[in-house]
Amino acid sequence: MIIVRIFSQVRPDPGRTLASGQLPLQTIRGSVSKRVRNQSTARRIRRNSAASARRAAAQGVLMHTAVSVIVVTARSSSWVPASCRHATLEHSTRIARWQRRTSARSAILRTALRCTEESDLEPSISRNPHLESFTLLWIDYPGRAAMFKHSVLVLLLAAFATLAFADSPPKIRQPTLTPQASGTTQLLIAVSPVNSRVVWASGAGGTYVVTTDGGNTWKSGVVPGAENLQFRDVHAVSDRIAYLSSVGANTTDFKIYKTVDGGAHWTVEFTNQLTNAFYDCFAFWSPDRGIAHSDSVNGVFPDLRTFDGIHWQSITGRMPPALPGEASFAASGTCITTQGTQNAWIATGGSTTARILATRDGGSTWNAYATPLISNASAGGLSVAFRDARNGFVGGGDLSSNTSADAATSHDGGATWTLTNPPPTPGAVFCVAYARGLRDRHFSASSNDEDDQGQDQRDHGPRFDRTVVITAETAPDFNSGSAAWTPDEGQNWYWLPTVSGYWAVAFANPKAGWFVGNNGQILKISF
């Protein structure tokens, strides 16, 4: 239980009247913040605070009392003094984030009170059995000065700013969002950064785009002969080398392309011949070692693997048996992820259970693990990411419902999963990405990539290791949606209110990430 008492301090010019919106909220000289458990301790702190106030007054500081605000967390609201009035917090989006926090043992009630007399507070605290402890932040002084009327909203925000250093999570700064011009109006579905300068993206109409200056300028192109295909995944190796994975209406429309000259020429490395195969995504351990994943066909996954970046062989016999109807989703090219030199994870759905398929030996052997994500013919895990060999994040939902977004974390390499707090995004989670980016990705063919990643480590260290960004799209057209991020793998969520219509997001480092989506829109995100 936390109680925060706030008084404002002003230094008005003689004869000047301040409007309510002009009254500044400043740190009060002589204020104290301590945890106390009984009224006698509170009185002692009050005496010390009064002495501090008198010293401040002797220095010529003019103290004025604004309407005091008390922010309370308790198991019950029955103790609230009759003279206190409830403040309306329900529609404040910033404060609503705090209200969503719950305890596994008991529901937490967060109430904001506006009181005008300090005497209303202390007797209630001393006799209330529901209060475990409280924090008081106040300043006392001889006599009462004129009271300034603040808006309740300003006071509440000030209360929560104080609450942040008392007993609550630190203040969160939203990332910077910068729109960039892609040079195309086609839907962009997948994005793959090489470093903070070189990024590739791909999408509908056989389209790809590439930047070599961090997105200041983008070059768009269309792969000859692929005008009717969608590139549901892209993997970038350098400014010259990239892979594309296509889908289409025909069996042979599922192909893997590669360029080694920046998109001037493309070579088809694989063309599907298996009826009902649907290659959703691929991922790589190195420029030449990768794996491609398909929906199940007749109870097996016809997945592929390459050791040379040219030839792709079937590993169907090495995959675990599929559940009836089990499939993945080609929402952002992130239904599979790799880590290190041998680890890979695949997110599935489409059946009774959403699963993670995991390998620790480069695809030679696999295990299948259940997740708690919603799963049916149109639902499951859509996107998976791992920040190291043990810690991962999976997001998904139901493509036919706009109220089903869910996510889960694993801390044992994907063997077990626990649901996070619900993401604040309607629709299904199309893509998840760790903001730490490519810190352990040392296989880039870019000559400057190691310098880029070294700078990232010096700038950020482990600060953003658990930061995850998600983007979601809403049925039925999937041309609008929202995005959010979490600094702690889903314990707390922060909505990005201006981000809508993006299918994928990926990071080179916390300062350099990119959303891509509908109508060719690209948005750079920087923490």
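Contact here means heavy atoms within 4.5 Å. With that in mind, colour the whole chain by sequence position: among contacts between residues at least 6 apart in sequence, 59% join residues at least 24 apart. This is a predicted model, in which local features need pLDDT of at least 70, side-chain atom pairs count only at pLDDT 80 or more, and totals for chains, interfaces and linings use all residues. Residues are numbered from 1 along each chain as its sequence is written, and side-chain values use heavy atoms, with hydrogens and water left out.

**Overview**

Switch to a cartoon view. The protein has five helices and 36 strands; helices (H or I, at least four residues) and strands (E, at least two) are DSSP runs, numbered from the N terminus. Of the 527 residues, 59% are buried, where buried means under 20% relative accessible area, exposed over 50% and partly exposed in between (1.4 Å probe, protein chains only).

**Stop 1: the largest core**

Select Val-191, Val-469, Phe-507, Trp-514, Phe-515 and Phe-527, and show their side chains. These residues have the most contacts inside the largest nonpolar core, which holds 31 residues. A nonpolar core is a set of buried Ala, Val, Leu, Ile, Met, Phe, Trp, Tyr and Cys residues joined through side-chain atoms within 4.5 Å. Elements that give two or more residues to this core include strand 10 (188-193), strand 11 (199-203), strand 30 (428-434) and strand 35 (512-517). Strand 34 provides the largest share, six residues.

Now centre on Val-469. Leaving aside residues up to four places away in sequence, Val-469 touches ten you can pick out one by one: Cys-431, Val-432, Ala-433, Ala-484, Trp-485, Val-505, Phe-507, Phe-515, Ile-525 and Phe-527. One of these, Cys-431, is buried with a relative accessible area of 0%.

**Stop 2: the sheet around strand 30**

Select strands 30 to 33. They form an open sheet of four strands in the order 30-31-32-33, with antiparallel pairing; two strands pair if DSSP finds at least two bridges between them. Strand 30 and strand 33 are at the edges with a single partner strand each, so one side of each has no neighbour in the sheet. From one strand to the next, the twist averages 25 degrees, with axes taken as lines fitted to C-alpha atoms (for helices over the stretch in contact) and angles running from 0 to 180 degrees between N-to-C directions. Six bridges hold strand 30 and strand 31 in their antiparallel pairing; look for Val-432, whose bridge partner in strand 31 is Ile-470.

**Stop 3: a cluster of rings**

Next, select Phe-464, Trp-485, Tyr-494, Phe-507 and Phe-527, which ring pairs link into a cluster. Rings of Phe, Tyr and Trp (its six-membered ring) pair if their centres lie within 6.5 Å; planes under 30 degrees apart count as stacked, over 60 as edge-to-face and the rest as tilted. The structure holds 19 aromatic pairs.

Which parts of the chain carry Phe-231 and Tyr-257? Phe-231 sits in strand 14 (residues 230-236) and Tyr-257 in strand 16 (residues 255-259), 26 residues apart. Their rings are edge-to-face, 5.4 Å centre to centre with 85 degrees between the planes, and both residues are buried. For contrast, return to Phe-464 and Phe-527: their ring centres are 5.5 Å apart and their planes at 45 degrees, so this pair is tilted. Both of these residues are buried too.

**Stop 4: strand 15 and its neighbours**

Select strand 15 (residues 242-247). Six of its six residues are buried, so the strand is largely enclosed by the rest of the structure. Ala-242, Leu-244 and Ser-246 lie on one side, with Tyr-243, Ser-245 and Val-247 on the other.

Strand 14 runs antiparallel to strand 15 and is joined to it by six bridges, with a hairpin of five residues between the two. Here Phe-231 has Ser-246 as its bridge partner. Strand 16 is also antiparallel to strand 15, through four bridges, and Tyr-243 has Lys-258 as its partner there.

**Stop 5: the disulfide**

Finally, show Cys-281 and Cys-335 as sticks. They form a disulfide with sulfur atoms 1.8 Å apart, a disulfide being a pair of cysteine sulfur atoms within 2.5 Å. The link is left-handed, with -95 degrees about the S-S bond. Cys-281 lies in strand 18 (residues 279-284) and Cys-335 in the loop between strand 21 (313-314) and strand 22 (336-339), so the pair ties together parts 54 residues apart in sequence. Both Cys-281 and Cys-335 are buried.
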